[in-house]
Amino acid sequence: MTLALIAGTGDLPPALIEALDAPPLVCALEGFEPAVPPDLRFRLEHLGSLLATLKDRGVRTVCMAGAVRRPAIDPAAIDAQTAPLVPTILTALRAGDDGALRAVISIFEGAGFAVRPAHKIAPELLPPAGVPVGHVPEAVRADAPLGDTALRDMGRADLGQACVIRDGAVLAREQDAGTDALLEGLTPETAGGGFLFKGPKPDQDRRADLPVIGPRTVLGAAAAGLSGIVIEADGVMVLHRAEVERAMAARGLFLWVRERPAP
């Protein structure tokens with residue numbers, strides 16, 4: 001066993017599992033349920049003990065996949081092996097999303113683990129630039145730069161990786177609850193004809209929390225009356241790509257994997 005998958009809530013990329021030479025050791029933070037049963041559960045207060053366990057099991061590389069929200073921490077539950085990590089953990093809990101991930105990555109790297117992003121293990125998670133599904137209206141192509149601006153603004157606040165655009169305006173922006181919640185808050189009356197725009201934050205550490213779309217995103221976009229989805233090439237992973245493309249085609253949605261313009 002050489003790789004540990006630190007899994008958050010939700011689906012895990014099948015392409016990632018298939019790309020590994022051996023099944024990963026799946027580890028889940030208590031309170032978060034990955035799509036596959038975890039081999040190990042751990043508390044943040046016992047992170048130091050987890051690192052020791054991973055080393056004992058021969059793990060040298062970790063990969064982070066899935067959504068994780070900041071858990072509450074019980075100071076009285078911190079064990080001896082985790083105590084030296086407390087300053088970094090507290091910094092992570094106080095930081096924005098990207099800052100928190102950088103702090104967590106620094107803990108693993110400081111313990112001697114290599115942190116590999118999912119898309120480096122399974123490059124097919126990042127679809128090539130182009131329009132694999134449907135037709136992109138000229139109005140969408142004209143409005144797409146608004147998404148670049150919105151993500152830059154959201155990146156300054158270290159919050160959100162998606163927005164919904166229609167008729168030259170940003171209708172809604174992703175918050176802490178994520179893209180699914182963003183779409184669930186919309187209706188065809190409020191967002192019909194708009195499109196979802198998704199990409200990484202500027203200067204994001206891409207070893208973790210790279211944006212993702214999947215079949216559930218397609219269902220949410222269709223329920224909100226959107227016309228399609230625009231994602232940044234080399235910046236957004238697509239889970240179950242064949243299923244996503246079939247579902248979008250069946251619902252008359254477009255998918256545009258857009259090259260980000262040079263600064």
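A pocket here is an open set of points on a 1 Å grid over the protein atoms alone, with protein on both sides within 12 Å along at least five of seven lines. The model is predicted.

**Exercise 1. Describe the second largest pocket: its volume, its central lining residues and the classes of its lining.**

Step 1. Take the volume. The second largest pocket fills about 180 Å³.

Step 2. Go to the lining. It consists of 12 residues, and those closest to the pocket centre are T2, L3, L20, D21 and A22.

Step 3. Sort the lining by class. There are 8 nonpolar, 2 polar and 2 charged residues.

**Exercise 2. Find the largest nonpolar core and the elements that build it.**

Step 1. Count the members. The largest nonpolar core has 26 residues.

Step 2. Pick out the best-connected ones. C27, L47, L54, V62, F108 and F113 have the most contacts inside this core.

Step 3. Assign the elements. At least two core residues come from each of β1 (3-7), β2 (25-29), β3 (40-42), α2 (47-56), β4 (61-65) and α4 (97-110).

Step 4. Look beyond this core. Another core lies apart from it and has 25 residues, including A224, I229, A233 and V236.

**Exercise 3. Settle the state of C27 and C63: which residues does C27 touch, and how far away is the nearest cysteine sulfur?**

Step 1. List the contacts of C27. Leaving out residues up to four places away in sequence, C27 touches A4, L5, I6, A7, L40, F42, L50 and L54.

Step 2. Check the burial of C27. C27 counts as buried because its relative accessibility is 0%, and the cut-off is under 20%.

Step 3. Count the disulfides. The structure holds 0.

Step 4. Compare with the sulfur cut-off. A disulfide needs two cysteine sulfur atoms within 2.5 Å. For C27 the nearest cysteine sulfur belongs to C63, 12 Å away, and C27 is in no disulfide.

Step 5. Turn to C63. C63 is in no disulfide either, with the sulfur of C27 as its nearest at 12 Å. C63 is also buried, at a relative accessible area of 0%.

**Exercise 4. Place F113: is it buried or exposed, and which residues does it contact?**

Step 1. Locate it. F113 sits in the loop between α4 and β5 (114-115).

Step 2. Test burial. F113 has a relative accessible area of 4%, so it is buried.

Step 3. Collect the contacts. Beyond its neighbours within four places in sequence, F113 meets L51, L54, K55, V59, R60, T61, V62 and F108.

Step 4. Link this to the core. L54, V62 and F108 are listed with F113 among the residues with the most contacts inside the largest nonpolar core.

Step 5. Add a distance. The C-alpha atoms of F113 and A67 are 21 Å apart, with the two positions 46 residues apart in sequence numbering.

**Exercise 5. Follow the contact between P117 and R206 from both ends.**

Step 1. Start at P117. P117 lies in the loop between β5 and α5 (118-121). At 10% relative accessibility, P117 is buried.

Step 2. Read its contacts. With neighbours within four places left aside, P117 contacts C63, R206 and R207.

Step 3. Move to R206. R206 belongs to the loop between β9 and β10. Its relative accessible area is 32%, so R206 is partly exposed.

Step 4. Read the contacts of R206. Not counting residues up to four places away, R206 touches P117, H119, P200, E232, D234 and G235.

**Exercise 6. Which residues of helix α9 are buried, and what covers them?**

Step 1. Name the buried residues. In α9 (residues 215-223) they are P215, T217, V218, G220 and A221.

Step 2. Find the cover. It includes α7 (179-184), β9 (195-198), β10 (212-213), β11 (228-232) and α10 (241-250).

Step 3. Look past the helix. G225 follows α9 and has a positive phi near 80°.

**Exercise 7. Examine the positive phi values of D167 and D234.**

Step 1. Recall the background. Most residues other than glycine have a negative phi.

Step 2. Take D167. Its phi is positive, about 50°. D167 lies in the loop between β7 (162-166) and β8 (169-173). D167 counts as exposed because its relative accessibility is 69%.

Step 3. Take D234. Its phi is positive, near 65°. D234 lies in the loop between β11 and β12 (237-238). At 48% relative accessibility, D234 counts as partly exposed.

Notes:
Residues numbered from 1 in each chain as written. Predicted model: local features only at pLDDT ≥ 70, side-chain atom pairs only at ≥ 80, totals over all residues. Heavy atoms only, no water. Core = buried A, V, L, I, M, F, W, Y, C linked by side-chain atoms within 4.5 Å. Buried < 20%, exposed > 50% of the residue type's maximum accessible area, 1.4 Å probe, protein only. Helix = DSSP H or I, 4+ residues; strand = E, 2+ residues; numbered from the N terminus. Contact = heavy atoms within 4.5 Å. 1 Å grid on protein atoms, 1.4 Å probe; cavity = no way out; pocket = protein on both sides within 12 Å on 5 of 7 lines; lining within 4 Å. Points joined across faces, edges and corners; volume = space filled by probe spheres on them. Nonpolar A, V, L, I, M, F, W, Y, C, P; charged D, E, K, R; others polar.
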